[in-house]
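Notebook open, coffee poured. Here is what I looked up, entry by entry.

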Amino acid sequence: MELAQHRVNENGLGEDSETSARVPLRDRRVYPGNPAGLVRKRAYIFDGTGNFYNKDWDLADLFQKKEKELELREGRGKEFSWYHVELPKGNQKLSQSAEDLIGVFCPPLKLQDILSLVSNGPFCAHVDGALVFRVNSPGPPSSDFTFRIAARVSEHSVITVSLGRVPRLGFSRVGESLLSEIPSLESSSSLRGQQGERGGIVIKEHVLEFLLTMNHSEEADNPVPRSVSNLVVHIIDTHVDQLQDLVTKLEMELDSVELDLDKGGYALKKQMLDDRRFPKLHINLQRLLQVIAHGEQVYLRVKEKCSSKKWFASDDLNSLEELIGRLRRMKENVGFIVNRVTAIQAGLDSWQSEQINRKLYYLSFLSIIFLPLSIVTGVFGMNVGGVPWTGQNAPELKDGFRNVILLCVAMLFLVLLCFIFPALYTRIAAAWRNKRALRRNWSLNRKSLLRRSLRMGDQDRGGYLRI
């Protein structure tokens, strides 16, 4: 069995003949795998000169030291492989994920290696001679705020496990790039005919909105790693980009929600309160902050442990430091988003309190109105003697019902007058102040006019005397 069968480079050209000429035949043990149905796996091999190839899923070369020494003698020691597994993003238990990984990696990996990749929480240590680190957040796997990325790094191979698809993690040919030519936007059904005549790439509107949330390039534009350290930096970079995409999406959703709240009315605010949208978002943001904090801690330890390895380049150590700085800035940004969510929820709570107070005010007003009336009707409804206007057969008391109704109307008028009196008093007092101010201004203006007329008269008299 050859080292690579039907390798496909980034230009899509086969290299069977060339590989057969320079790679000798040698025996190799192939372990059978039992992958789960929903688990996706990919394997690449890199030649160390900027080219990558699709590789068969064969983990037997991870522990074949003699073959590695032979490759070093033949000048092919720069080759390294990458095995990636995507766990399904569904409602499954952690034990089920561990069982799936056991079916994929065992053998040759040991149970300790597999459990170190699938367990929850932050981790960074050497396991069985390889560097293993993970940033696995606890929570339901189906949630958008649950992130799991784990890696096992050795000198000639890298194994990674992720929950669901990580954008830009893999590699593809340059010819498959989405933006290799100027695309057109599919905006409406009336313009589809014109766009079909033009030809070329047509991007739907919802796809464009998704691309606007991405702050990175696509898989076809990924630089091909030339060493294991480049690949480790690429894996961590894609994980940071995935977190940044979610933060950008949250910012855009918050901007839209704030705009809708400014324009919306009672129904929209009531729906947001009934759905408990912002309390749930606040919990998810706390989980996101936990993931970012764990990533900052783990990647800092990865940098410290990799600094002592000869095969880890110094430039990649600087790249790791930049990624750690991005996580710190992202943590601050998520803190600002948490404050915005708290402010929106406080505004909705204040609006709800105002609505409750207004309803209580109406109930209090009605109770104040009907309390005196109930007292009157209760007094005249007593079955005792001596209550006025309660004689049924006395002809002189035939107007008793009318008198009671008039009494109730009078009491209702007094109650309404008590409510209206403060407003009437305020208006009357304001009108009286305005009238008094006008009179004062008029008297001042009148006095000033009289003084001017007296001065002008004195000046005229003096002129006549001079003449």
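**Entry 1: Q290.** I started with Q290, which counts as partly exposed because its relative accessibility is 33%. For my own reference, buried is under 20% relative accessible area, exposed is over 50%, and partly exposed is in between, using a 1.4 Å probe and protein chains only. Q290 sits in helix α9. I also checked its C-alpha distance to G121: 9.8 Å, with the two 169 residues apart along the chain.

**Entry 2: ground rules.** This is a predicted model, where local features need pLDDT of at least 70, side-chain atom pairs count only at pLDDT 80 or more, and totals for chains, interfaces and linings use all residues. Residues are numbered from 1 along each chain as its sequence is written, and side-chain values use heavy atoms, leaving out hydrogens and water.

**Entry 3: overall counts.** I get 11 helices and 9 strands in the protein; these are DSSP runs numbered from the N terminus (helices H or I, at least four residues; strands E, at least two). Of the 467 residues, 38% are buried. Taking contacts (heavy atoms within 4.5 Å) between residues at least 6 apart in sequence, 69% join residues at least 24 apart.

**Entry 4: cores.** Next I pulled up the nonpolar cores, meaning sets of buried Ala, Val, Leu, Ile, Met, Phe, Trp, Tyr and Cys residues joined through side-chain atoms within 4.5 Å. The largest one has 59 residues, and W82, F133, F278, L285, L288, Y299 and V334 are those with the most contacts inside it. Elements giving two or more residues to this core include the strands β1 (40-46) and β3 (80-87) and the helices α9 (277-306) and α10 (314-380). The top contributor is α7, with 14 residues. I then listed what V334 touches, skipping residues up to four places away in sequence: V247, L285, L288, L289 and I292. Apart from this core lies another of 20 residues, with L87, V118, A150 and L163 among them.

**Entry 5: α8 against α10.** How do these two helices sit relative to each other? Their axes (lines fitted to C-alpha atoms over the stretch in contact, angles from 0 to 180 degrees between N-to-C directions) come within 11 Å and cross at roughly 115°. That makes α8 and α10 roughly perpendicular, a label covering 65 to 115 degrees; under 35 is roughly parallel, over 145 roughly antiparallel, and the rest oblique. On the α8 side I noted Y266, K269, K270, M272 and L273, which meet α10 residues including Q345, L348, W351 and K359.
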